[in-house]
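Work through the exercises below with the sequence and coordinates open. Each task is followed by a solution in steps.

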Amino acid sequence: MAETGSNRAPETGAFFQRDRQWHPPALTPSYKSSVLRSPQKALVSFDNTLSESTGPVFGHAMLGELDNDLIHNFARPGESAIGERIIVHGRVLDERGNGVPGVLLELWQANAGGRYRHKREGYLAPLDPNFGGCGRAITGEDGGYALRTIRPGPYPWPNGPNDWRPAHIHFSVFGHGFAQRLITQMYFEGDPLIWRCPIVGGISNKAAIEALIAALDMQSTIPMDALAYKFDIVLRGRRSTLFENRPEGN
Amino acid sequence: MAQSLDRLKESPSQTAGPYVHIGLTPNFCGIGGVYASDLGSSMINDQTKGERIELRIRVLDGTGTPLREALVEIWQADANGFYNSPAEMRGAADPNFPGWGRQPTDTETGVCLFQTIKPGRVPFRDGRLMAPHITLWIAARGINVGLHTRLYFSDEEKANAEDPILARIEHRLRVPTLIAERQRDTYVFDIHLQGEKETVFFDS
């Protein structure tokens, strides 16, 4: 068995079924890229096998000192990224409300002007020589994590003739089973662009959208340094194996 | 009114967008010096047990055009059928094989390559053996929820014929969409997001 990064006994049960009505559907025509990239046939369902209930784990040892500090992890020595300095923190929980330890979070974002460091990116806003745009963290025993970055700018994108993405940070999440694998986006409380965005609008339930909006958290700010936003992430819960019949060796 | 079940809802998925490489394969897209290497870019070393194979994967949209900015992750058992995971209770997996890999599709050709080993067989929930297979997860611009599918092997006909997941597919004409074609030591696998040859995707 691999290291869990936790003192808890590993859990092995299948994961709660995914609520497909809560997620955006594959086809959301207002988000044009989904039109030719959305499967049209029904998904084939089955309860998790070992191939879904197991998953890779990542140890804290792989992290560099600045991995969770996007203000400095690409900056020249003594310099830092330009923009509104923020702390993003929160917990990764499962649907049972338990903190999930040892979760690898990988994030990426545009700079303060709304420009990504990517050769396919054509927005006229300038690159920040001190900002790369990627970072990562692994949750602690209680599922908690914290990052330091700059607030990304909103930006226009080629979809409709005048569509703008709200400020957002992309999060990739590894839980304890590959069935928990998730990529999502974090938005910022109060951003009026959230409710005009065709990608956000693929989610039909208002409460589900609100679950992706980080709250301004004045109690976690660093005075005279950085504002703070709290963003919790919820992964699929795991069933108890207490009453499951399993053949020997399985 | 009854008591509340007191459960949370899974965070809704959002697309990885066109710049997924910045976060998940930064060295590949020219952002050097942040991480020593891209996570998941190498799966095997000299000590890894098992038959060396290459996976040659493309992801095609509804017009048959390969996606040139997709991200593919794979998760598989070791040569003996054990997963390198804390939830693997049957025994210890090969310590020289993480079982997980990640590759971007080539920005020109749309091909992504994995150097890995052929996995052993893993039991289904009832103890029957599943055919050797690799779990795939695909993220890209235009994909709202990461897509889950499996790669099976063309030279495992007998095992494939008794695989309980393949057996679940009602439309038998679609089963070959999950079977990678062996060409020497390379398995070629095209994933069709739409159309007549649409790959079987799973909800598990």
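Two strands pair if DSSP finds at least two bridges between them. Helices (H or I, at least four residues) and strands (E, at least two) are DSSP runs, numbered from the N terminus. This is a predicted model, in which local features need pLDDT of at least 70 and side-chain atom pairs count only at pLDDT 80 or more, while totals for chains, interfaces and linings use all residues. Residues are numbered from 1 along each chain as its sequence is written, and chains are lettered from A and ligands numbered from 1 in the order in which they are written.

**Exercise 1. Strand pairing**

Find which residue of β11(A) A:Ala215 stands opposite, and set out the pairing of β11(A) with β10(A).

Solution.
- Step 1. A:Ala215 stands opposite A:Lys230 in β11(A).
- Step 2. Strand β10 (residues 213-216) of chain A and β11(A) are antiparallel, with 2 bridges.
- Step 3. β11 (residues 227-230) of chain A also pairs with β2 (residues 85-94) of chain A, here in the parallel sense and over 4 bridges.
- Step 4. In that pairing A:His89 has A:Lys230 of β11(A) as its bridge partner.
- Step 5. Pairing also crosses between the chains: β1 (residues 44-45) of chain A runs parallel to β9(B), with 2 bridges. A:Ser45 is bridged to B:Asp203 there.

**Exercise 2. Fold of each chain**

List the elements of chain A and of chain B, then compare each radius of gyration with the globule rule.

Solution.
- Step 1. Chain A has 2 helices and 12 strands, in the order β-α-β-β-β-β-β-β-β-β-α-β-β-β from the N terminus.
- Step 2. The radius of gyration is taken over C-alpha atoms, and the globule rule is 2.2 Å times the number of residues to the power 0.38. For the 250 residues of chain A the rule gives 18 Å and the model has 19 Å, so chain A is as compact as a globular protein of that length.
- Step 3. The C-alpha trace of chain A spans about 60 × 45 × 35 Å along its principal axes.
- Step 4. Chain B has 2 helices and 9 strands, following the pattern α-β-β-β-β-β-β-α-β-β-β along the sequence.
- Step 5. The radius of gyration of chain B is 18 Å, close to the 17 Å from the globule rule for 204 residues, so chain B too is as compact as a globular protein of that length.
- Step 6. For chain B the C-alpha trace spans about 60 × 45 × 40 Å along its principal axes.

**Exercise 3. Burial and contacts**

Classify A:Phe58 and A:Ile183 as buried or exposed, and list their contacts.

Solution.
- Step 1. A residue is buried if 20 or more other C-beta atoms lie within 10 Å of its own, exposed if 12 or fewer, and partly exposed in between, with C-beta atoms placed from the backbone. Two residues are in contact if their C-beta atoms, placed in that way, lie within 7 Å.
- Step 2. A:Phe58 lies in the loop between α1 (50-53) and β2 of chain A. A:Phe58 is buried because it has 21 C-beta neighbours inside 10 Å.
- Step 3. Neighbours within four places in sequence aside, A:Phe58 is in contact with A:Leu104, A:Ile138 and A:Phe174. A:Leu104 is 46 residues away along the chain, yet its C-alpha atom is 6.5 Å from that of A:Phe58.
- Step 4. A:Ile183 belongs to β9 (residues 182-188) of chain A. A:Ile183 counts as buried because it has 25 C-beta neighbours inside 10 Å.
- Step 5. With neighbours within four places in sequence left out, the contacts of A:Ile183 include A:His170, A:Ser172, B:Ser13 and B:Gln14.
- Step 6. Over whole chains, 48% of the 250 residues of chain A are buried, and 50% of the 204 residues of chain B.

**Exercise 4. The contact between the chains**

State how many residues each chain gives to the contact, and break down the side of chain B by class.

Solution.
- Step 1. Chain B gives 69 residues and chain A gives 80 residues.
- Step 2. In chain B, α1 (20-24), β5 (133-139) and β9 (202-203) each supply at least two residues of the side that touches chain A. The largest share, 4 residues, is from α1(B).
- Step 3. Ala, Val, Leu, Ile, Met, Phe, Trp, Tyr, Cys and Pro count as nonpolar, Asp, Glu, Lys and Arg as charged, and the others, Gly among them, as polar. The side of chain B that touches chain A has 35 nonpolar, 21 polar and 13 charged residues.
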